[in-house]
Amino acid sequence: MQKLKVNTVFLCFVTLMSCVTKLPEIVADVITETTIHDTDDPAIWINPKDASKSIVFGTDKNTNGAIYAFDLDGKIIEDKTIRNLKRPNNIDLEYGFQLNDSTKVDVIAFTERERQRMRLFSVPDMKPLDNGGFPVFTDAKEPETNLPMGIALYKSPKTYKLYAIVGRKKGPKNEYLYQYSITSDSLGVHSKLVRKFGEFSGKKEIEAIAVDDETGIVYYSDEMYCIRKYHAEPLKGDKEIYCFGGEYFKKDIEGIAIAKYQDEGFLIVSNQQAHTFNVFNLKTNAFIKEINLGTIETDGCDVTTMALGDKFPNGLFVSMNDEKNFFFHDLEKLKLLE
């Protein structure tokens with residue numbers, strides 16, 4: 001009887017400690033309508049005419065997948081949604097791509113894994129610019145090394161050239177990522193391989209990629225090892241700048257979002273199996289804190305510090321949730337500046 005009493009007390013203590021150490025949930029302002037299959041990665045497009053009418057795009061992975069468009073209430077915008085895609089994986093967005101001598105357009109790029117291509121569409125009219133898609137990893141010789149997953153766009157602040165940096169399902173321990181220039185002329189839009197780079201631990205895969213356009217730095221998640229940091233400008237070389245943060249993650253290091261204010265910047269990274277996010281200082285790479293946004297098994301995330309009308313007056317953080325939806329948080333709730 002005494003033994004049972006001791007065990008009961010111990011179990012109660014363990015339960016109490018579990019409750020004490022669990023991070024409080026920062027409740028979402030909006031949870032989107034659900035997709036059909038499997039959400040993965042979002043991208044935020046800020047409407048230059050009316051920020052309250054901005055769009056959040058999100059991938060839905062499947063053989064019959066889609067790029068969903070959501071308004072800021074989380075409702076699906078059907079006429080902006082792209083359907084009948086072959087396993088779209090990750091998505092990114094860039095502003096002011098020079099389409100011809102007189103026209104600049106905002107664009108989204110995403111990978112279409114089962115067709116071994118990356119896609120490019122103009123926003124917000126959702127017109128394809130890629131003649132059906134740009135092939136990637138065409139020199140791959142091993143199984144699954146030609147299957148694109150992660151993608152990030154980079155627009156050089158000096159040359160204004162647009163690049164896409166693409167990751168894949170499997171790859172070697174170096175040159176895991178391929179970087180493509182995206183250009184336009186009278187014959188259309190073109191993609192050209194300009195660089196192979198990026199170390200890999202060999203532990204799992206590389207999917208999440210994000211670029212800080214202002215500083216020309218690319219970050220990517222070596223999922224069970226660290227966050228890796230490189231120059232995004234091809235001419236600055238392929239030497240790794242830093243590998244950091246791995247000790248703060250339970251297992252997979254996933255989606256990356258870059259939040260930049262006038263004087264400070266933050267890297268917000270999904271701690272997938274812990275169902276939380278880790279926040280790092282963008283300049284020093286130092287760990288700041290861990291936060292719980294209520295999402296489960298988050299893959300991708302995106303952020304803007306710009307006000308998006310009355311709904312999100314302090315900016316917006318979007319994160320994928322493993323229940324076929326996305327969570328929207330007013331950025332102030334993450335308390336990055338405290």
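The largest pocket holds about 830 Å³ of space in this predicted model. A pocket is an open set of points on a 1 Å grid over the protein atoms alone, with protein on both sides within 12 Å along at least five of seven lines. Its volume is the space filled by probe spheres set on the points, which are joined across faces, edges and corners. The lining comprises 32 residues; closest to the centre are Leu 93, Val 211, Ile 258, Asp 302 and Val 303. Lining residues have an atom within 4 Å of a point. Residues are numbered from 1 along each chain as its sequence is written. Local features need pLDDT of at least 70, side-chain atom pairs count only at pLDDT 80 or more, totals for chains, interfaces and linings use all residues, and side-chain values use heavy atoms, without hydrogens and water.

At least two lining residues come from each of strand 2 (39–45), strand 6 (88–98), strand 10 (148–155), strand 14 (206–212), strand 18 (253–260) and strand 22 (301–304). Strands are DSSP runs of E, at least two residues long, numbered from the N terminus. The lining has 20 nonpolar, 4 polar and 8 charged residues. Here Ala, Val, Leu, Ile, Met, Phe, Trp, Tyr, Cys and Pro count as nonpolar, Asp, Glu, Lys and Arg as charged, and the others, Gly among them, as polar.

Strand 22 also belongs to an open sheet of 4 strands, in the order 1-24-23-22. The pairing is antiparallel. Strands pair if DSSP finds at least two bridges between them. Strand 1 (30–31) and strand 22 each have a single partner strand and stand at the edges, so one side of each lacks a neighbour in the sheet. Strand 1 and strand 24 (residues 325–330) run antiparallel and are joined by 2 bridges. Val 30 has Phe 328 of strand 24 as its bridge partner.

The whole structure contains 1 disulfide, defined as a pair of cysteine sulfur atoms within 2.5 Å. Cys 226 and Cys 243 form this link, with their sulfur atoms 2.0 Å apart. It joins distant parts of the chain: Cys 226 lies in strand 16 (residues 226–231) and Cys 243 in strand 17 (residues 242–244), 17 residues apart. The link of Cys 226 and Cys 243 is left-handed, with -115° about the S-S bond.

Cys 226 is buried (under 20% relative accessible area, 1.4 Å probe, protein chains only), at 3%. Cys 243 is partly exposed (between 20% and 50%), at 27%. Cys 301 is buried, at 4%. Its sulfur is 17 Å from the closest cysteine sulfur, in Cys 226, which is too far for a bond.

Conventions: On a 1 Å grid over the protein atoms alone, a cavity is a set of points where a 1.4 Å probe fits but cannot get out, and a pocket is an open set with protein on both sides within 12 Å along at least five of seven lines; lining residues have an atom within 4 Å of a point.
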